[in-house]
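Me: I'm new to this one, so could you show it to me and then let me ask how the descriptions are reached?

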Amino acid sequence: MNTNKGYVAFVGAGPGDIGLFTKKGIECLQKAEVVLYDRLANPRLLRFTSKDCTFIYCGKLPNNHIMRQEKINETLIAEALKGKYIVRLKGGDPSVFGRVGEEAEALAKYDIPFEIVPGVTSSIAASAYAGIPVTHRDYSTSFTIRTGHACKKNEASVHHEPKQSEAIGDTLAYYMGVKGLPGICENLIAQGKASDTKVAVIEWATLGKQRVVEGTLTTIVEKVKEAKLGNPALTIIGDVVQLRSSIAWFEKKSFYQKKLLIAKSTSEESMLERYFTKNGAEAYSFPTLNSIPHSYSDEELQLIVNADRLIFASVEGVGYVLSQLFDAGYDLRDLPRQIEHLSEKTRKELEKRGVRSIKSSYDKKSAIFIGEEKGIEKQAFSDNLLAFPSHFIQIDERFHEVNERLLTEDQWETVIFPNKRSVDLFLQEWPTFSEKNPTELLFATIGESVKDYAFMRGFSQIDEQVQQELDKQDWKSEC
Ligand code: SAH
């Protein structure tokens, strides 16, 4: 194997819910130097990559220009020949209507090594999340997946011949079929499927914005039109669809279909996004941030070890300071006796590293105060504190395309502010992506002082449901 030829991992991104992404997929993304991703791959997965990884979007851009297949193949080959490790991230499973065959063949011609990492294909996932078992001992012993588009080599494949309903199969899943739905239904009836066969169309399956419309082969077209379902959507046809009435589960989640933005202030805090997503919401942390460590001079490091006490105002600061001290020849024994933390999360980080800390009492005695550059400007509570920024926060520009798409495709209702800094960053970044006045969004906060601050910055209406949920838990210790 020529190791200079780079490597391509075709990775199935799964249907949407990032909890369904594979462990192997995560490992590939962590190694990636370049990621080529499609519209249907959940872009939140890109956060698994390292800071230096390059993103190339292969989906439809706002000007409706699509990256052509030949161009994708060319890009894969060109990047691989530079010796890069590339992830080609595809929605669902790469081998199911995912053109992995064409792309892998192109690489094989150049002897570029590759692997194919499967993902959960959207028909299986959509059925599961809509409460439809694709097979069932009483209703269905076969499951067929088809595309609503014709196959290149066999234009007639969508309308193919079998005249007896048994030959058509019990449960059918149609990919890419919203436009072709009338034709699909007509043909199935013509081929002998009962016209009252149940049909479900599932849009954006497994995500908080999932919508399901149910009908029969005769009624579904009208119903889908009425509900204005669009792409991506999957059509499931068969008697198993009726089981939905008793086993639909995802739609029962308390925040199902709620569209929530989580304003971020550190590159880390995505747990609110995770929490609300698990509870059925479509949640998105914005903006995406990088933290850039500050490099301390020898004099600064000496001041740190000689300080009366150290106050850590952020989790990230702990790692940055301790590793730089270590690299400069110090270790834990050189730290000042008194170490303080502001948040529980920071306390845990210190504990992990074997450092016991106490909650800062905000007294005025001299100390070195360590945290994010802009954050500590606001937090420093006494003139006796020497502020030592450990890092600064930078907007991750690689997410520009993703933000542009996500912030305009969806009708966001509410924004959560974990702290004051997140309000500032949100207001600063929002106008780049949306013309809508951000203060028209409902909002919820962690803590009263953040609420007052959001009011001051122009937000006016609290989302009571989200606020109540936030008030149930002690998020302060996490943020
Ligand atoms: N490789 C993908 C399919 C790509 S073809 C997979 O295995 O799922 C694109 C089609 O997949 C879409 O038109 C739609 O029919 C379906 N699809 C993909 N993700 C979907 C989702 N989250 N919800 C509904 N349909 C989805």
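**Reading the ligand site and the cavities**

Reply: Gladly! Let's start at the ligand: one of its oxygen atoms is 2.7 Å from a polar backbone atom of alanine 233. Please keep in mind that this is a predicted model.

Me: What makes that pair with alanine 233 a polar contact?

Reply: A polar contact needs a pair of N or O atoms within 3.5 Å. Here the distance is 2.7 Å, from a ligand oxygen to a polar backbone atom of alanine 233, so the pair meets the cut-off. The side chain of serine 122 also takes part, with an N or O atom 2.6 Å from a ligand oxygen. Aspartate 93 uses a backbone N or O atom, which lies 2.8 Å from a nitrogen atom of the ligand.

Me: How much of the ligand does the protein cover?

Reply: On its own the ligand has 540 Å² of accessible area, and the protein covers 93% of that.

Me: Which residues come nearest to the ligand?

Reply: Val96, Thr121, Ser122, Met176 and Ala233 come nearest, out of 17 residues around the ligand. By type, that shell has 12 nonpolar, 4 polar and 1 charged residues.

Me: Why is the ligand said to lie between domain 1 and domain 2?

Reply: Because domain 1 (7-120) and domain 2 (124-248) both give residues to the shell around the ligand.

Me: What makes an empty space a cavity?

Reply: A 1.4 Å probe must fit there but be unable to get out. By this rule there are 2 cavities of 30 Å³ or more. The largest cavity has a volume of about 130 Å³. Its lining has 16 residues, and Pro43, Trp204, Leu207, Lys209 and Leu406 are the closest to its centre.

Me: Which helix gives the most to that lining, and what types of residue are found there?

Reply: Helix α14 (residues 400-409) gives the most to the lining of the largest cavity, with 3 residues. The lining as a whole divides into 7 nonpolar, 2 polar and 7 charged residues.

Me: Where are the cis peptide bonds that involve proline 232 and proline 287?

Reply: One joins asparagine 231 and proline 232, with omega about -5°. Proline 232 sits in the loop between α7 (220-227) and β10 (233-237). The other runs from phenylalanine 286 to proline 287, with omega near -10°, and proline 287 is in the loop between β12 (282-286) and β13 (289-293).

Me: What is notable about phi of lysine 228?

Reply: Phi of lysine 228 is near 55°, a positive value in a residue other than glycine. Lysine 228 is found in the loop between α7 and β10.

Notes. Residues numbered from 1 in each chain as written. Predicted model: local features only at pLDDT ≥ 70, side-chain atom pairs only at ≥ 80, totals over all residues. Heavy atoms only, no water. 1 Å grid on protein atoms, 1.4 Å probe; cavity = no way out; pocket = protein on both sides within 12 Å on 5 of 7 lines; lining within 4 Å. Points joined across faces, edges and corners; volume = space filled by probe spheres on them. Helix = DSSP H or I, 4+ residues; strand = E, 2+ residues; numbered from the N terminus. Nonpolar A, V, L, I, M, F, W, Y, C, P; charged D, E, K, R; others polar. Near = heavy atom within 4 Å. Polar contact = N/O pair within 3.5 Å; in protein donor to acceptor, adjacent residues only side chain to side chain. Areas by Shrake-Rupley, 256 points an atom, 1.4 Å probe, with all protein chains shown as cover. Domains from an automatic or database assignment.
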